[in-house]
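Reader: I would like to learn how to read a protein model. Could you walk me through this one, feature by feature?

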Amino acid sequence: PGTIDAFFQNVHPVDLPFITQRHEQFLCGERSLIKDDYRFYMKNRGWIWLHSIGRAVEWDDQGQISTIAGLTQDITEQRNLLEQIKQSRQRLRIISEYTYDWQSWCDLDGKLVWINNAVERITGFCVDECMLMDDYPRKLIDEQDWDLYKTHTARALKGEGRQELNLRIRCRDASLKWVSASYEPIFDKDGQVKGMAGAAKDITR
């Protein structure tokens with residue numbers, strides 16, 4: 001009991017209710033396995049992240065758990081890395097959503113993967129509508145410029161560098177707008193093309 005009490009005293013206050021509940025569930029037989037992540041105070045390191053996994057291997061004459069076998073691993077580095085990735089994604093989302101120009105990402109097949117809110121300001125079509133278009137951006141580009149768009153984006157998807165062109169965009173209200181557009185390949189760490197990034201600026205006068 002003293003060892004268990006000492007353990008709980010070092011669990012982070014935010015995680016303590018959850019860990020206590022999970023421990024009680026395990027002792028009562030509601031859980032067959034301990035498998036939890038939580039913060040724990042170490043005198044020489046401060047707060048660290050631990051991952052514990054274990055199961056009961058022995059019981060006493062009353063059927064109560066007497067021995068637990070398991071493993072506890074320090075996952076502080078992994079959790080810190082995940083938090084950094086999360087913050088980076090949040091910063092990217094904020095930057096992309098508040099960027100004035102219409103931006104998009106397409107995969108290697110040209111299928112839309114992501115698009116920012118500026119598309120609605122320029123075209124009248126919202127993000128969800130664009131994401132549901134099977135042939136994006138076929139509906140948005142004027143017929144006269146479709147072949148031009150296909151030619152330049154095909155080059156980008158082949159890794160031929162940044163492609164720049166002016167296009168006429170057909171808006172929701174059937175009006176036409178001119179945009180200055182650019183498309184460039186997205187490469188992975190091995191230098192292989194994985195998609196295409198697009199940007200368009202309204203230049204209608």
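Author: Gladly, and let us begin with salt bridges. A salt bridge is a side-chain nitrogen of Lys or Arg within 4 Å of a carboxyl oxygen of Asp or Glu. This is a predicted model, and the structure holds 14 salt bridges.

Reader: Which residue forms a salt bridge with Asp74, and what does the pair tie together?

Author: The partner of Asp74 is Arg45, with N and O 2.5 Å apart. Arg45 sits in the loop between β1 and β2 while Asp74 belongs to strand β3, so the pair ties together parts that are 29 residues apart in sequence.

Reader: Is Arg45 buried, partly exposed or exposed?

Author: Here a cut-off helps: buried means under 20% relative accessible area and exposed over 50%, with partly exposed in between. Arg45 has 46% relative accessibility, so Arg45 counts as partly exposed. Asp74, at 34%, also counts as partly exposed.

Reader: Where do the partners Glu129 and Arg172 lie in the chain?

Author: Glu129 and Arg172 form a salt bridge whose closest N and O atoms are 2.2 Å apart. This pair links distant parts of the chain, with Glu129 in helix α5 and Arg172 in the loop between β6 and β7, 43 residues apart. Glu129 counts as partly exposed because its relative accessibility is 29%, and Arg172 is partly exposed at 45%.

Reader: Which residues are joined into one network by salt bridges that share partners?

Author: Before the network, take one more pair: the side chains of Asp188 and Lys194 meet in a salt bridge at 3.9 Å, N to O. As for your network, Arg22, Arg31 and Asp36 are joined by salt bridges that share partners.

Reader: Let us turn to strands. How many bridges join β7 to β8, and which way do the two strands run?

Author: Two strands pair if DSSP finds at least two bridges between them. Strand β7 (residues 176-187) is joined to β8 by 9 bridges, and the two run antiparallel. Within this pairing, Ala181 stands opposite Ala200 of β8. The hairpin of β7 and β8 has 5 residues between the strands, and there Gly191 takes a positive phi near 85°.

Reader: Which strand is joined to β8 by 6 bridges?

Author: That is β4 (residues 102-107), which runs antiparallel to β8 (residues 193-202). Trp105 has Ala197 in β8 as its bridge partner.

Reader: Now for empty space. What lines the largest pocket?

Author: Rolling a probe the size of a water molecule over the atoms shows where empty space is left. In this model the largest pocket holds about 500 Å³ of space. Its lining has 22 residues, and Ile4, Phe7, His23, Ile34 and Ile68 lie nearest its centre. The elements giving two or more residues to this lining are α1, α2, β1, β2 and β3. The largest share, 5 residues, comes from β3. By class, the lining of the largest pocket has 13 nonpolar, 6 polar and 3 charged residues.

Reader: Which helix gives the most to the lining of the second largest pocket?

Author: This pocket has about 240 Å³ of space. Of its 17 lining residues, the closest to its centre are Asp109, Gly110, Lys111, Tyr136 and Lys150. Helix α6 (residues 146-157) gives the most, with 6 residues. The lining of the second largest pocket has 10 nonpolar, 2 polar and 5 charged residues.

Reader: Last, which elements have the lowest and highest mean pLDDT?

Author: The mean pLDDT of the chain is 91, and 99% of its residues reach 70 or more. Among the elements, helix α1 (residues 2-9) has the lowest mean, 79, and strand β6 (residues 163-170) the highest, 97.

Methods
Residues numbered from 1 in each chain as written. Predicted model: local features only at pLDDT ≥ 70, side-chain atom pairs only at ≥ 80, totals over all residues. Heavy atoms only, no water. Helix = DSSP H or I, 4+ residues; strand = E, 2+ residues; numbered from the N terminus. pLDDT = per-residue confidence, 0-100. Buried < 20%, exposed > 50% of the residue type's maximum accessible area, 1.4 Å probe, protein only. 1 Å grid on protein atoms, 1.4 Å probe; cavity = no way out; pocket = protein on both sides within 12 Å on 5 of 7 lines; lining within 4 Å. Points joined across faces, edges and corners; volume = space filled by probe spheres on them. Nonpolar A, V, L, I, M, F, W, Y, C, P; charged D, E, K, R; others polar.
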